[in-house]
Amino acid sequence: MTARPPWKEPARVPTRIGKALALVVVIALVMTPFLVVVSTSIASPREVTANGGWVLWPTEPTLSAYEQIWQGGIVTRALLVSAGVTLAGTALSLATTALLAYALARPEVVGGRPLLMLILFTFLFPPGMIPAYLVVKNVGLLDSYASLILPVLLNVFNLIVMRGFFQSIPAELFEAARLDGAGDWRILWRVVVPLSKAALAVVGLFYAVGYWNSWFTGMLYLQDTTKWPLQLVLRTYVTSGGVLADPSAQSDGAFAAAPQTIQMAVVVMATLPIVLVYPFLQRYFVRGVMTGAIKT
């Protein structure tokens with residue numbers, strides 16, 4: 001009888017216990033910062049002051065910080081700006097990436113290889129901040145929402161992933177569609193896109209997270225503070241410690257939340273949308289990224 005390899009043998013009880021304990025420790029280390037952020041955002045000013053600015057488990061939970069933020073209007077407007085930029089930017093970036101990836105994935109496209117090398121060159125040697133700012137300024141995009149989208153419309157990594165996924169589609173499908181009289185547009189929308197839901201979901205999430213978390217482009221190109229996205233408002237508040245909400249908008253008898261509580265409340269609001277969307281797209285991650293990276 002042939003002996004089984006050691007890695008195929010069932011784990012011993014001490015090994016299983018050790019793995020379980022290690023997993024519990026890792027989960028606790030990962031979840032504790034999130035718990036502190038959420039707990040501090042709903043803690044009372046007295047608890048925050050008594051615990052030195054951080055609360056692990058609030059005994060007097062209150063939503064005064066969130067009420068103060070919504071009444072002020074600054075975060076509300078910034079939240080709408082971030083949502084609009086994320087939706088519009090993700091749609092445009094995903095469409096641009098899919099069209100260019102399809103063209104670069106087809107071997108019969110004239111000039112596809114030199115164009116791919118040129119795109120990869122920009123990935124290895126990106127332009128500096130000052131040239132990018134001058135381009136945005138000269139084309140008249142300063143202080144506009146377009147400056148948050150167009151300069152970062154195409155990501156080379158996402159393009160390579162989607163191109164590799166398109167190349168993994170069997171060539172027989174393209175030949176059959178050609179025989180049926182389909183052109184490139186119909187092949188793309190009727191054949192390629194339905195088969196590329198995993199790659200589109202992964203790349204779309206990458207773009208959405210990038211647009212949602214972006215604050216540096218807003219700091220460079222936006223002078224009007226009413227157009228600031230949520231992340232830039234959060235960054236400004238955390239670094240300066242100023243008050244985002246208008247204290248005069250509070251109702252009688254309500255108390256102002258502590259600065260740390262408002263900071264953590266804004267962090268929760270900025271993180272919550274991505275946390276809610278991620279579980280629905282997580283199952284596409286391995287399939288989309290690995291398949292797209294097999295063939296480049």
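Buried means under 20% relative accessible area, exposed means over 50%, and partly exposed lies in between, with a 1.4 Å probe and protein chains only. Asp-143 is partly exposed because its relative accessible area is 25%.

This is a predicted model: local features need pLDDT of at least 70, side-chain atom pairs count only at pLDDT 80 or more, and totals for chains, interfaces and linings use all residues. Residues are numbered from 1 along each chain as its sequence is written, and side-chain values use heavy atoms, with hydrogens and water left out.

**Overall build**

The protein has 14 helices and zero strands. Helices (H or I, at least four residues) and strands (E, at least two) are DSSP runs, numbered from the N terminus. Of the 296 residues, 36% count as buried. The accessible surface comes to about 17600 Å². Carbon and sulfur atoms hold 70% of that surface. Accessible areas come from the Shrake-Rupley method with a 1.4 Å probe; for residues, only the protein chains shown count as cover.

Contact means heavy atoms within 4.5 Å. Among contacts between residues at least 6 apart in sequence, 73% join residues at least 24 apart.

**Annotated spans**

The unreviewed UniProt entry places "transmembrane region" at residues 20-43, 79-103, 115-136, 148-166, 187-212 and 262-281. Such positions follow the numbering used here, feature names are shortened, and annotations may be inferred rather than shown by experiment. Residues 20-43 are 92% helix and 0% strand, with end C-alpha atoms 32 Å apart. Residues 148-166 are 58% helix and 0% strand, and their end C-alpha atoms are 28 Å apart.

**Core and patch**

The largest nonpolar core has 53 residues. A nonpolar core is a set of buried Ala, Val, Leu, Ile, Met, Phe, Trp, Tyr and Cys residues joined through side-chain atoms within 4.5 Å. Phe-166, Ile-187, Val-192 and Leu-230 have the most contacts inside this core. Helix α4 (residues 74-105) gives the most to it, with ten residues. Leaving out residues up to four places away in sequence, Phe-166 touches Ala-98, Ala-101, Tyr-102, Ala-105, Phe-174, Val-192 and Ser-196.

Leu-23, Val-26, Ile-27, Val-30, Met-31 and Phe-34 make a nonpolar surface patch of about 570 Å². Patches are made of residues with over 30% relative accessible area and no salt bridge: like charges are joined within 9 Å, nonpolar side chains (Val, Leu, Ile, Met, Phe, Trp, Tyr) within 5 Å. A salt bridge is a side-chain nitrogen of Lys or Arg within 4 Å of a carboxyl oxygen of Asp or Glu.

**Selected residues**

| Residue | Place | Relative accessible area |
|---|---|---|
| Val-30 | helix α1 (residues 13-41) | 46%, partly exposed |
| Ser-39 | helix α1 | 3%, buried |
| Ala-177 | helix α8 (residues 171-179) | 11%, buried |
| Tyr-278 | helix α13 (residues 259-281) | 34%, partly exposed |

Not counting residues up to four places away in sequence, Ser-39 touches Val-55, Leu-56, Trp-57 and Pro-58. With that exclusion, Ala-177 touches Ala-182, Ile-187 and Val-191. Ala-177 and Arg-190 are 13 residues apart along the chain, and their C-alpha atoms are separated by 9.4 Å. Tyr-278 and Val-209 are 69 residues apart along the chain, with C-alpha atoms separated by 9.7 Å.

Asp-143 sits in the loop between α6 (129-138) and α7 (156-167). Its phi is near 60°, a positive value in a residue other than glycine. Most residues other than glycine have a negative phi.
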